[in-house]
Amino acid sequence: MPFWAPQRKQQAECGSLSETYKPPDGRLTKDVLLGEGGTGEVFKGRHHRKGVVAVKMANISRDEESVCREVSFLRKFGGHKNVAAFHGAYYSAPLNECSSELLEIVLEYCGGGSLHDMINSTEGQSLRETWIGYVCQEVLKALKHIHKNRAVHRDIKSPNIMFTEKGKVKLIDFGLCWDLDPQTGKCYESEGTVHWMAPEAIRRRGKPVAYDTKCDIWSLGITAIEMAEGETPYANQYPVSDLILNNDAPELQSKTWSQNFVSFVKSCLEKEPSKRWSAEELLQHPFITELPPKKTIRAEIKKHLQVLQNHLTKKGLKGAAVWTMKKLQSAWSFCTPQTLPEQSVAEQMALEGFPSY
Ligand SMILES: Nc1ncnc2c1ncn2[C@@H]1O[C@H](COP(=O)(O)OP(=O)(O)OP(=O)(O)O)[C@@H](O)[C@H]1O
């Protein structure tokens with residue numbers, strides 16, 4: 001059992017987890033690693049009924065409570081069209097004494113990658129304004145639904161916003177999602193990823209925090225700046241939490257953005273939460289209502305994602321080819337006193353089926 005595994009007093013609890021999350025009644029395979037977070041690795045896989053899926057290998061030995069909470073929120077919100085659909089969670093017993101108990105959380109596969117990756121691999125790290133509006137609109141729809149159900153996501157940021165291959169927008173990572181207190185409508189734990197956190201959700205020394213659904217709206221405003229300018233405010237500054245607390249609300253830096261976009265960001269980034277717009281109100285903001293037809297934007301994004309994907313594949317193959325070339329060169333230089341001329345290596349690689357560039 002790993003050192004971080006909580007001591008489980010009741011064996012029954014363990015038994016009940018395997019009872020609640022029975023193994024799939026068919027095949028669930030995992031192949032390519034898609035990403036990794038604090039909860040565990042995420043693989044591309046195949047589900048016997050759902051076809052291609054994403055499988056999040058959540059480590060329950062490390063933090064059972066938060067994994068089970070994430071599953072319950074996925075169950076609750078996974079039916080919304082802007083949330084990666086939830087297809088089930090399956091218990092996986094530790095393989096040996098050193099491995100952990102896992103819950104295999106099966107989700108809709110988002111083959112277009114994350115918004116974070118898209119921003120970083122787009123030239124100038126800046127997205128078109130209409131694309132930014134479209135992403136915000138889709139995230140706002142998910143947030144309106146979550147907030148109506150008196151919950152907060154608390155981790156809205158570009159790595160948690162995914163695209164399908166068709167350019168649809170899906171929210172992931174409900175690990176920090178929380179039900180608001182039924183009496184007060186507030187949340188009292190300071191949680192989130194600091195660069196995207198609303199000022200009221202950041203703990204000031206010695207003072208308790210209390211915040212509501214508006215914390216997600218602030219994070220969306222920061223994500224909008226990220227899409228426009230390639231990075232969050234205070235990206236390379238320290239300490240970020242003090243800067244968020246003590247400075248005026250961040251704004252778009254460039255003067256080239258439209259008035260509608262500037263006003264949208266301002267409505268998301270009001271430091272006073274009661275003045276900050278709600279998801280429902282923002283869906284009526286002209287930046288959103290005056291967007292071109294969704295079909296048009298989605299087609300543009302789909303094409304862009306394909307170009308990025310092709311570029312990455314090429315780069316990946318090229319990387320593999322260079323690695324093989326170096327390996328072959330070192331192997332041959334070991335056998336023969338002289339290093340083989342590059343052309344011979346290239347010929348050998350062609351024989352091995354590597355494409356030429
Ligand atoms: N449904 C999905 N389809 C495709 N890729 C996914 C999917 N879900 C997650 N990923 C990939 O796996 C990564 C980690 O996923 P996720 O954010 O859910 O994990 P986490 O452990 O909760 O992360 P964190 O530590 O940031 O909270 C994502 O950034 C993304 O690249």
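Which residue in strand 5 is the bridge partner of Val53? The legends below take up this pair and its surroundings in a predicted model.

**View 1. Strand 3 meets strand 5.** The bridge partner of Val53 in strand 5 is Glu108. Strand 3 covers residues 51–59 and strand 5 covers residues 102–108. The two pair in the antiparallel sense, over 7 bridges. Strands of a sheet pair through backbone hydrogen bonds, either parallel or antiparallel.

**View 2. The open sheet of 5 strands.** Its strand order is 1-2-3-5-4, and the pairing is antiparallel. The edges belong to strand 1 (28–36) and strand 4 (86–92). Each of these has a single partner strand, so one side of each lacks a neighbour in the sheet. On average, neighbouring strands of this sheet are turned by 30 degrees against each other, direction ignored. Helix 2 (residues 60–77) packs on the sheet. This helix touches strand 3, strand 4 and strand 5. The direction of helix 2 makes about 30 degrees with that of strand 5.

**View 3. The largest nonpolar core.** This core has 75 residues. Leu103, Val135, Val139, Ala224 and Cys268 have the most contacts inside it. Helix 4 (residues 129–148) gives the most to this core, with 10 residues. In soluble globular proteins, nonpolar side chains tend to be buried together.

**View 4. Contacts of Val139.** Val139 is one of the residues with the most contacts inside the largest core. Leaving aside residues up to four places away in sequence, Val139 touches Asn82, Ile156, Ile161, Val169, Leu171 and Leu220.

**View 5. Helix 4 from end to end.** Of its 20 residues, 14 are buried, and helix 4 is mostly covered. At 1.5 Å a residue, helix 4 should span 28 Å. Its end C-alpha atoms are 28 Å apart, which agrees. Arg150 follows helix 4 and has a positive phi, near 60 degrees.

**View 6. Helix 5, enclosed.** Helix 5 (residues 214–229) has 16 residues. In helix 5, 16 of the 16 residues are buried, so the helix is largely enclosed by the rest of the structure. The expected span is 22 Å at 1.5 Å a residue, and the end C-alpha atoms are 23 Å apart, which agrees. Just after helix 5, Gly230 takes a positive phi of about 85 degrees.

**View 7. The annotated span.** UniProt lists residues 28–288 as "domain: Protein kinase", in an unreviewed entry. The end C-alpha atoms of this span lie 40 Å apart. Residues 28–288 are 33% helix and 20% strand.

Technical notes:
Residues are numbered from 1 along each chain as its sequence is written. This is a predicted model: local features need pLDDT of at least 70, side-chain atom pairs count only at pLDDT 80 or more; totals for chains, interfaces and linings use all residues. A nonpolar core is a set of buried Ala, Val, Leu, Ile, Met, Phe, Trp, Tyr and Cys residues joined through C-beta atoms within 7 Å. A residue is buried if 20 or more other C-beta atoms lie within 10 Å of its own, exposed if 12 or fewer, and partly exposed in between; C-beta atoms are placed from the backbone. Helices (H or I, at least four residues) and strands (E, at least two) are DSSP runs, numbered from the N terminus. Two residues are in contact if their C-beta atoms, placed from the backbone, lie within 7 Å. Two strands pair if DSSP finds at least two bridges between them. Axes are lines fitted to C-alpha atoms, for helices over the stretch in contact, and angles run from 0 to 180 degrees between N-to-C directions. UniProt positions are given in the numbering used here, feature names are shortened, and annotations may be inferred rather than shown by experiment. The expected span of a helix is 1.5 Å times one less than its number of residues.
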